[in-house]
Amino acid sequence: MRTLLQISLALSLSGSLSAQFPGLTLPPSGNNQKASVTQFIGPVKVTIDYSSPAVHGPGGKDRRGQIWGKLVPYGVTDLGFHGGKPSPWRGGANENTIFTVSDPVTIEGQPLAAGQYGLHLIAGPDEWTVIFSKNASAWGSFFYDESQDALRVKIKPAKHEYREWLTYEFTARRPAEATAELQWEELAVPLNIKVDNVNEIYVTKLRQELTGAGGFNPQAYDAAAQFCVQAGTHLEDALNWADLAIKMPFVGQTNFDTLSTKAQVLLKMGRDAEAQTIMQTAVHDPTTTSLQIHQYGRQLIAAKKNREALEIFKLNAERHGDAWPVNVGLARGYMAVGDYKKAAEYAQKAAAQAPDDQNRQNLEAMAKSLAEGKPYDN
């Protein structure tokens, strides 16, 4: 004999289907509006599509305190379908809750392949089971089949501030992991999603994308190589891309940006002498600007290569004369090697040439500090 719960679920299912006939735009059953949330974890796209019921029922009845263990029963339930096999909860209302991930991830430390999954949950007072089913097109959990499970993980629920509408939200967000959380009434169910090989995925995508329109743009190769330098990954790929940015037929460009990127790759690979040679070519290139030389000098100071930095600032003066930011660089270069008197002279010159009040005030403060025999840190 069917229970009242089974009958009401069957009626709800029938009404939902009639209210959501394929190809027709009709209101969702029970006014449980559809919702979707997407979060990128590095290059990986994660989306949860669901229908969002309220704590207050369609007739306005307050069901607070009646959600967990009652409206959403603990354990699995015979819904009266699929030969009486007990089913988990569909993680929302109406149709399947769908979890989509563009690339492989780990869920609570366990691997899940890229794809689209039906998301089901087995609620419990102290522990939940989250199920990722390979069947993402089923209607709710009425025909759930355990043999189609791709993954099951155990989760501890937690108290949460009151939420009227069932919501999925990405709470903690970091470059290679995030927490997706089901929140409803006064409960949250967190789910840790991690991308273990985020740099490999980035580089795989870059390799593919550089066979398209980006493959005819030297800036695209340069940007790809810069990513590898900053991430400290796939340096052989980075060196190849840096070379293509410089000398690929009909595409490559030899300029400060492309040459300095190759030098950065070589430095990262421990090939310092080659990097130094490339940078000398870069700073002497006729198209290199005073600002590019200045920024390179600043990078050398940051790397504690103060004598080299001063020589670069002097080269900037030879190339571009008595100008701003040439004099700014000389002030910083002489300050870096401890010649505060000369540094103060160039800081005063630079202050008179400053393009705006903020730079002028900073340089005046720098000149004053240096004149008093003290370094200036700004």
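# Aromatic contacts, enclosed spaces and backbone details

Asparagine 327 has its place in helix α9, which covers residues 326–336. This is a predicted model, and asparagine 327 is a handy place to start the tour. With a relative accessible area of 2%, asparagine 327 is buried. Setting aside residues up to four places away in sequence, asparagine 327 touches Asp322, Tyr346, Lys349, Ala350 and Gln353.

Just before that helix there is a backbone detail to look at. Tryptophan 324 and proline 325 are joined by a cis peptide bond, with omega at about 15°. Proline 325 sits in the loop between α8 (306–320) and α9. As background, most peptide bonds are trans, and most residues other than glycine have a negative phi.

Which way does phi go at asparagine 94? Asparagine 94 is not a glycine, yet its phi is positive, at about 60°. The residue belongs to the loop between β4 and β5 and is buried, with a relative accessible area of 4%. Glutamate 108 also has a positive phi, about 50°, although it is not a glycine. Its setting is the loop between β6 (105–107) and β7 (110–112). Is glutamate 108 buried or partly exposed? Its relative accessible area is 33%, so glutamate 108 counts as partly exposed.

Now to the rings. A pair of aromatic rings is described by the distance of the centres and the angle of the planes. Searching the whole structure turns up 13 aromatic pairs. One of them joins tryptophan 89 and tryptophan 128 edge-to-face, with 6.3 Å from centre to centre and 70° between the planes. This pair links distant parts of the chain: tryptophan 89 is in the loop between β4 (86–87) and β5 (97–101), while tryptophan 128 is in strand β9 (residues 128–133), 39 residues apart. Tryptophan 89 and tryptophan 128 are both buried.

How is the pair of tryptophan 89 and tryptophan 184 arranged? The ring centres are 6.5 Å apart and the planes meet at 10°, so this pair is stacked. Tryptophan 184 lies in strand β12 (residues 177–194) and tryptophan 89 in the loop between β4 and β5, so the pair ties together parts 95 residues apart in sequence. Like tryptophan 89, tryptophan 184 is buried. Trp68, Trp89, Trp128 and Trp184 together form one aromatic cluster.

Strand β9 also holds serine 133. Serine 133 is buried, with a relative accessible area of 1%. A polar atom of the serine 133 side chain lies 3.1 Å from the backbone nitrogen of asparagine 135. Leaving out neighbours within four places in sequence, the contacts of serine 133 are Gln116, Tyr117, Gly118, His120, Gln148, Asp149 and Ala150.

Next come the empty spaces. Rolling a probe the size of a water molecule over the atoms shows where empty space is left. How many cavities of 30 Å³ or more does a search of the whole structure find? There are two, and their linings divide by class as follows.

| Cavity | Nonpolar | Polar | Charged |
|---|---|---|---|
| Largest cavity | 11 residues | no residues | one residue |
| Second largest cavity | three residues | five residues | one residue |

The largest cavity holds about 90 Å³ of space. Its lining includes Ile48, Phe99, Tyr168 and Glu181. β8 (115–122) and β12 each give at least two residues to this lining, and β12 has the largest share, with six residues.

The second largest cavity holds about 40 Å³. Serine 133 and asparagine 135 appear again here, in a lining completed by His120, Ala138, Gly140, Phe143, Tyr144, Asp145 and Gln148.

Among the pockets, the second largest has a volume of about 390 Å³. Which residues are closest to its centre? Of the 19 lining residues, these are Gln264, Leu267, Met279, Tyr296 and Gln299. Helices enter the picture here: α5 (256–268), α6 (272–284) and α7 (290–302) are the elements that give two or more residues to the lining. By class, the lining of the second largest pocket has nine nonpolar, six polar and four charged residues.

A last stop is proline 73, in the loop between β2 (44–52) and β3 (77–78). Proline 73 is partly exposed, with a relative accessible area of 25%. Proline 73 and alanine 123 are 50 residues apart in sequence, while their C-alpha atoms are 7.0 Å apart in space.

Conventions: Residues numbered from 1 in each chain as written. Predicted model: local features only at pLDDT ≥ 70, side-chain atom pairs only at ≥ 80, totals over all residues. Heavy atoms only, no water. Phe/Tyr/Trp six-rings, centres within 6.5 Å; stacked < 30°, edge-to-face > 60°. Buried < 20%, exposed > 50% of the residue type's maximum accessible area, 1.4 Å probe, protein only. 1 Å grid on protein atoms, 1.4 Å probe; cavity = no way out; pocket = protein on both sides within 12 Å on 5 of 7 lines; lining within 4 Å. Points joined across faces, edges and corners; volume = space filled by probe spheres on them. Nonpolar A, V, L, I, M, F, W, Y, C, P; charged D, E, K, R; others polar. Polar contact = N/O pair within 3.5 Å; in protein donor to acceptor, adjacent residues only side chain to side chain. Contact = heavy atoms within 4.5 Å.
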